[in-house]
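Colleague: I'm new to this one. Could you take me through a single part of it, slowly, and show me how that part sits among its neighbours?

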Amino acid sequence: MSETSKQKKIALVSGANRGIGLAIAIGLAQQGVTVLMGTRNLKNGEAVCAQHAQEGLDIRPVQLDTTDDASVRAVSSLIQREYGRLDILVNNAGIGLDFVPDLSVVEKMEQTLMLNVTGTIRLTDALLPLLEAAGHASIVNVSSELGSFGLRADKNWIYAELVMPTYQASKAAVNSLTVSYAKLLASKGIKVNSICPGYTATDATKGAAMPATRTPEQAARVAIKLALIGQDGPTGTFENEDGQLPW
Ligand SMILES: NC(=O)c1ccc[n+]([C@@H]2O[C@H](COP(=O)([O-])OP(=O)(O)OC[C@H]3O[C@@H](n4cnc5c(N)ncnc54)[C@H](OP(=O)(O)O)[C@@H]3O)[C@@H](O)[C@H]2O)c1
């Protein structure tokens, strides 16, 4: 392990080769963090990293499919071998399939839960010893206000009429994981928070009935803020850029 990697924070962002995950990875690297860019397809990740190499950002692609035990184990071993700890984990990889034709609702539910929920817990669980080794680590779960029971109960909420049964159930489950892990990991100094990036123009929202105008860079800000919170920062919270959100 080099002197530099002992001093710099080490972060892993899942689903970071495009969209909001990429903006989080770049934003963290711009703050001086060594960022491991989780990418299902290593060649895609290498091409994206090459585009940012001339900016001097410390971003390195790592093959990561959060639905695959072997892939998650390999990333965990790589981080153990090369860094010995992980300061920041951003569970960003996620999908929403409610508006995809040609899939039954059961197929949508299974695939969405497999990535958004089981993928999050698989990656988090595998990395716990490395997060613990960092002393004061931070986990950020990229959730969505669409999963908030509190907001969904409000008839005046902007998305009150929007119904995405499988995506909303998955993000409510992600929020539940945040609360559970915040409690489980409090004594180890690990902060765990959920964020909502806001409705953002990415591949996930391309062609949606309501065009998204928010940029991934704007969306990434709240995740970067929570990723970099210090020892006195919050844990077990759910927020967007305007502040706390109801569960
Ligand atoms: N966009 C929005 O308006 C919005 C709003 C609220 C919350 N969010 C949340 O923000 C997060 C990012 O969304 P986005 O809009 O940036 O989506 P996106 O552009 O569709 O990007 C999704 C990322 O997840 C990766 N991914 C897919 N399956 C994976 C797997 N099995 N293992 C690891 N990575 C996988 C994708 O990799 P490939 O390139 O290999 O497919 C891609 O890098 C998601 O959790 C989403 O629910 C988004």
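Modeller: One term before we start: a polar contact here is a pair of N or O atoms within 3.5 Å. Keep in mind, too, that this is a predicted model. By that cut-off, the side chain of Asn-17 makes such a contact, with an N or O atom 2.8 Å from an oxygen atom of the ligand. Lys-171 also reaches a ligand oxygen with a polar side-chain atom, at 3.0 Å, while Thr-66 uses a polar backbone atom, 3.0 Å from a ligand nitrogen. There are 27 residues around the ligand, and the nearest are Arg-18, Arg-40, Asn-92, Tyr-167 and Thr-202.

Now the part I'd like to look at closely, helix H8. It covers residues 216-227, 12 in number, and spans 16 Å from first C-alpha to last, close to the 16 Å expected. Its buried residues are Pro-216, Ala-219, Ala-220, Val-222, Ala-223, Ile-224, Leu-226 and Ala-227. Residues three or four places apart on an α-helix point the same way, because there are 3.6 residues a turn.

What lies over those buried residues? The cover includes helix H2 (19-30) along with strands S4 (88-91), S5 (138-142), S6 (191-195) and S7 (238-240). H8 lies across those four strands, S4, S5, S6 and S7, and runs at about 160° to S5. They belong to an open sheet of 8 strands with mixed pairing, ordered S3-S2-S1-S4-S5-S6-S7-S8. At its edges are S3 (59-63) and S8 (243-244), each pairing on one side only. Another helix, H4 (residues 69-82), packs on the sheet as well, touching S1, S2 and S3.

Note on methods. Residues numbered from 1 in each chain as written. Predicted model: local features only at pLDDT ≥ 70, side-chain atom pairs only at ≥ 80, totals over all residues. Heavy atoms only, no water. Helix = DSSP H or I, 4+ residues; strand = E, 2+ residues; numbered from the N terminus. Expected span 1.5 Å × (residues − 1). Buried < 20%, exposed > 50% of the residue type's maximum accessible area, 1.4 Å probe, protein only. Contact = heavy atoms within 4.5 Å. Pairing = 2+ DSSP bridges. Axes fitted to C-alpha atoms, helices over the stretch in contact; angles between N-to-C directions. Near = heavy atom within 4 Å. Polar contact = N/O pair within 3.5 Å; in protein donor to acceptor, adjacent residues only side chain to side chain.
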